[in-house]
Amino acid sequence: MPDPLPLTVVDAALRGTLLALLLLLAGALWRDRPRLPAAQAATAFCLGLCVQVIGGTPLLEDRLPLAWQAPLIAVAVGNAVLFWVFVQALFDDDFVLRPVHGLAWASVAALAGFNCTVMAGSASLLAPVTWGLQRAVPLVFAVLAAVAAAAHWRADLVDARRRLRAFVVVTGVAYTVVMLMARLAAPRGQLSGLASLLDSAALLMMVSVVAGHLMRLGNSALFPSSLGQGAMGGVAPAPVQSGEPAQHRRCDQAGGFTPIPTFPLAGGRGQPPATAPVAADDRQADALQQALRRLMTEQHAYRTEDLSITSLAAQLKVPEYRLRRLINQRLGHRNFNAFVNGYRLDEARAVLADPQRRHLPVLGIALDAGFQSIGPFNRAFKAATGRTPTEYRRDKLADS
């Protein structure tokens, strides 16, 4: 029985609005960050959702044969993979798209297409297996997305991005699980008119929140402004001098630092609050910054293998949010691990360039500086210098 006309009209209106918003978001991300993996993953996910929104229209699901819907269903199922890739890219500034990500999407899409064109209505013993795998895909990749989010959550220093990421992951995983259950409970896996309407409304709400945050915060708060900013080139920031209380420094695209005002935003309008609170905040931030500098440069806290933002805040006897804000807004770092690795790499470079310590093995230097193994050290070192530790030592000793 066809759905009532008002329900169909409202569903069409929601889907049209959602399509327009997804295309606008994809276009903005691609325009501003075409080479950034996070923007590329977000753009692909938005376009995949567009196909899903079109393919999920009740009229199409009801009138078109399943085989004709195969391309649309394949893309919709593949969106589970794109969500996982998007979450990884959103939480890790150093994320790199790899062939395995494309292979995972292609495999999932091919499985869905195979089921729709070959296994639909088949009595083969293989059919329950392939359909079972297809139904498991959204749940598996939702779990992988949640794991990826948790793995990088603590190291993220950008408060606005942390809040938005939490919303994306929680609502994304919840939506995936609820819609999977709804599809499994529906006849032939097709949603009723009301369920389809709720599906469109839920997607529109989530995409609207993301788009609203993106426009209000500016996407530089969510993504690095350049491909190399996530790790800051591995350079530990020098302390701000006591004569510079009204400025902090951020990393520019060349890896250097540019003084920028330290005024916090007031109500999102960029206006500084009253003079007295600013001065008091600056004095507290100056004191905390000096304490952090002493802890890192004199006590070498970065050599602790399991150093975290929580343990560092405990040593400084300050709330974690204050330390996170200082490292992000004053020192220009978006990621705590990159901040700590900057000090570790500075120490490693100094040892590698010292002729009197040429006998020390690279592994020992890495472990002494605070790295837990040689692999992460080599990757971080090459990302910061463009050379391996061995090449760096050879060139420096040759120059000396």
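Cys46 is tucked away in this predicted model: at 5% relative accessibility, Cys46 counts as buried. Cys50 is buried as well, with a relative accessible area of 7%. Where does the closest cysteine sulfur to that of Cys46 sit? It belongs to Cys50, 7.0 Å away, and that is too far for a bond. A disulfide would need the two sulfur atoms within 2.5 Å. Cys50 is therefore in no disulfide either, since its nearest cysteine sulfur is the one in Cys46, at 7.0 Å. Search the whole structure and you get 0 disulfides.

## The overall picture

Stepping back, the protein has 400 residues, and 44% of them count as buried. Its secondary structure comes to 15 helices and 2 strands. Take the contacts between residues at least 6 apart in sequence: 69% of those join residues at least 24 apart. On the outside, the protein exposes about 20100 Å², with carbon and sulfur atoms supplying 64% of that area.

## Two nonpolar cores

Now for the inside. How many residues are in the largest nonpolar core? There are 52 of them, and the residues with the most contacts inside this core are Leu18, Leu22, Val81, Phe86, Val87, Phe141 and Leu203. Several helices chip in with two or more residues: H1 (5-32), H2 (37-55), H4 (70-91), H5 (99-119), H6 (127-153), H7 (159-185) and H8 (193-217). Which of the elements gives the most to this core? That's H4, with 13 residues.

Phe86 is a good residue to look at up close. Setting aside its neighbours within four places in sequence, Phe86 is in contact with Ala38, Ala41, Ala42, Phe45 and Val168.

There is also a second, separate core, this one of 23 residues. Among its members are Leu295, Ala301, Phe339 and Val340.

## Salt bridges

How many salt bridges does a search of the whole structure find? The count is 13. Here are three of them, with the N to O distance for each.

| Pair | Closest N to O distance |
|---|---|
| Arg15 and Asp11 | 2.8 Å |
| Glu61 and Arg183 | 2.8 Å |
| Asp159 and Arg324 | 3.6 Å |

Start with Arg15 and Asp11, whose side chains meet in a salt bridge. Both residues sit in helix H1, and because they are 4 residues apart there, about one helical turn separates them. Are these two buried or exposed? Both Arg15 and Asp11 are buried.

Next comes the salt bridge between Glu61 and Arg183. Glu61 lies in helix H3 (residues 58-63) and Arg183 in helix H7, so this pair ties together parts that are 122 residues apart in sequence. The two ends have their own surroundings: Glu61 counts as buried at 9% relative accessibility, whereas Arg183 is partly exposed, with a relative accessible area of 27%.

The third pair is Asp159 and Arg324. Here Asp159 lies in helix H7 and Arg324 in helix H11 (residues 320-330), so the salt bridge links parts that are 165 residues apart in sequence. Asp159 is partly exposed, at a relative accessible area of 24%, while Arg324 is buried, at 6%. This pair has company, too: salt bridges that share partners join Asp159, Glu320 and Arg324 into one network.

## Two residues with positive phi

Last stop, the backbone. Most residues other than glycine have a negative phi. Against that background, two residues are worth a look.

His300 has a phi near 55 degrees, a positive value in a residue other than glycine. Where is His300 found? You'll see it in the loop between helix H9 (275-297) and helix H10 (309-316). At 26% relative accessibility, His300 counts as partly exposed.

Lys317 isn't a glycine either, yet its phi is positive, at about 60 degrees. The spot for Lys317 is the loop between H10 and H11. Is Lys317 buried or exposed? With a relative accessible area of 74%, Lys317 is exposed.

Note on methods
Residues are numbered from 1 along each chain as its sequence is written. This is a predicted model: local features need pLDDT of at least 70, side-chain atom pairs count only at pLDDT 80 or more; totals for chains, interfaces and linings use all residues. Side-chain values use heavy atoms; hydrogens and water are left out. Buried means under 20% relative accessible area, exposed over 50%, partly exposed in between (1.4 Å probe, protein chains only). Contact means heavy atoms within 4.5 Å. Accessible areas come from the Shrake-Rupley method with a 1.4 Å probe; for residues, only the protein chains shown count as cover. A nonpolar core is a set of buried Ala, Val, Leu, Ile, Met, Phe, Trp, Tyr and Cys residues joined through side-chain atoms within 4.5 Å. A salt bridge is a side-chain nitrogen of Lys or Arg within 4 Å of a carboxyl oxygen of Asp or Glu.
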